[in-house]
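Me: I'm new to this one, so I'd like to ask how each label gets earned. Can you show me the structure before we start?

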Amino acid sequence: MPSESRRAHWENVYTKKGENEVSWFQENPAQSLELIAEIGASPDTAIIDIGGGTSRLVDSLVAKGFRAVTVLDLSETALKMAQARLGHGAASVRWLVADATTWEPSQEYDVWHDRAAFHFLTEEKDRAAYVARLRRALKVGGHAIIATFALEAPEKCSGLRVVRYDAASLGQTLGAEFKLGHTLRHEHATPWGSQQVFQFSVFRRDL
Ligand SMILES: C[S@@+](CC[C@H](N)C(=O)[O-])C[C@H]1O[C@@H](n2cnc3c(N)ncnc32)[C@H](O)[C@@H]1O
């Protein structure tokens, strides 16, 4: 999908729907927080949430005192919604309106977090562009926490086709320098009560 169509899709979603009217809404991003704690992140850890949208992960990180949090999303509307919710706390966060497949990273991060953004990249060239940014932006020794729809999850999310992964197929897509660590499956309940199985995988960048 061309970058402009992708942006238009997501702007339309966030313009029309409230925070808790989207299937991926989580009151508490517990799985992400658990994995971020497990890798030993501290308030100075530089974390980027790729495709963060209106996720409350940033609220939890700011509340825990994290001082180097960046949220990237191609929807400016989504980021404005998250900023409005955070209020004063938004000032301590870096907000980037960008497409993860074309963005030019200007700093390195210790943690790259992505829940339900990567799985929308159905074309090989877009996945390669994403992984190239991951390689540029994630420090050697840093961690990528990536959550996608699992193999048994629906074929579509937000009306768009997705690629479903298990930890092995995601690892193959990222490349050999990303060593698989902890994984977890999460049965996410949408706000209207249907189930979507997510696969969370933690990779350590070794070289
Ligand atoms: C299903 S939502 C998940 C949002 C958030 N991560 C969460 O867990 O609540 C997918 C998000 O990824 C963003 N997104 C999709 N493709 C993207 C891309 N190529 N670059 C940056 N953001 C993207 C969308 O705007 C949307 O906010």
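Me: Among contacts in the protein chain between residues at least 6 apart in sequence, how many join residues at least 24 apart?

Reply: That share is 71%. Bear in mind that this is a predicted model, and that a contact here takes heavy atoms within 4.5 Å.

Me: What makes the protein chain count as compact as a globular protein of its length?

Reply: You set its radius of gyration against a rule. The computed value is 16 Å and the globule rule gives 17 Å for 207 residues; those are close, so the chain is as compact as a globular protein of that length. Its C-alpha trace spans about 45 × 40 × 30 Å along the principal axes, and the chain has 6 helices and 9 strands.

Me: How much of the protein chain counts as buried, and what does the chain expose?

Reply: Of the 207 residues, 54% count as buried. The chain exposes about 9,200 Å², with carbon and sulfur atoms supplying 52% of that area.

Me: Why is Thr 148 called buried?

Reply: Buried means under 20% relative accessible area. Thr 148 has 0%, so the label fits. This residue sits in strand β5 (residues 138-149), and its contacts, leaving out residues up to four places away in sequence, are Phe 118, His 119, Tyr 165, Val 197, Phe 198 and Gln 199.

Me: And why does Ser 158 count as partly exposed?

Reply: Partly exposed runs between 20% and 50%. Ser 158 comes out at 22%, so it belongs in that class. You'll find Ser 158 in the loop between β6 (156-157) and β7 (160-161).

Me: What is notable about the phi of Ser 158?

Reply: Its phi is near 55 degrees, a positive value in a residue other than glycine. Most residues other than glycine have a negative phi. Ala 116 has a positive phi too, near 70 degrees. Ala 116 lies in the loop between β4 (109-115) and α5 (124-137), and its relative accessible area is 11%, so it counts as buried.

Me: Which residues have the most contacts inside the largest nonpolar core?

Reply: They are Trp 10, Trp 24, Val 58, Leu 61, Val 93 and Trp 95, in a core of 39 residues. The elements giving two or more residues to this core include α1, α2 (30-38), α3 (57-63) and β2 (69-73). Take Val 58: beyond its neighbours within four places in sequence, it contacts Val 69, Val 71, Arg 85, Leu 86, Val 93 and Trp 95.

Me: How many residues are in the second, separate core?

Reply: There are 24, including Ala 100, Trp 103, Leu 134 and Ala 137.

Me: What makes Ala 137 buried?

Reply: Its relative accessible area is 0%, which is under the 20% cut-off, so Ala 137 is buried. Ala 137 is in helix α5. Among the residues it touches are Trp 103, Pro 105 and Trp 112.

Me: How do you describe the way helix α1 and helix α4 meet?

Reply: Two packed helices are described by the angle between their axes and the distance between the axes. For α1 (residues 3-16) and α4 (residues 76-86), the axes come within 7 Å and cross at roughly 35 degrees. Glu 11, Tyr 14 and Thr 15 of α1 meet Glu 76, Thr 77, Ala 78 and Met 81 of α4. By class, that contact has 3 nonpolar, 2 polar and 2 charged residues.

Terms used. Residues numbered from 1 in each chain as written. Predicted model: local features only at pLDDT ≥ 70, side-chain atom pairs only at ≥ 80, totals over all residues. Heavy atoms only, no water. Axes fitted to C-alpha atoms, helices over the stretch in contact; angles between N-to-C directions. Helix = DSSP H or I, 4+ residues; strand = E, 2+ residues; numbered from the N terminus. Nonpolar A, V, L, I, M, F, W, Y, C, P; charged D, E, K, R; others polar. Buried < 20%, exposed > 50% of the residue type's maximum accessible area, 1.4 Å probe, protein only. Core = buried A, V, L, I, M, F, W, Y, C linked by side-chain atoms within 4.5 Å. Rg over C-alpha atoms; globule rule 2.2 N^0.38 Å. Areas by Shrake-Rupley, 256 points an atom, 1.4 Å probe, with all protein chains shown as cover.
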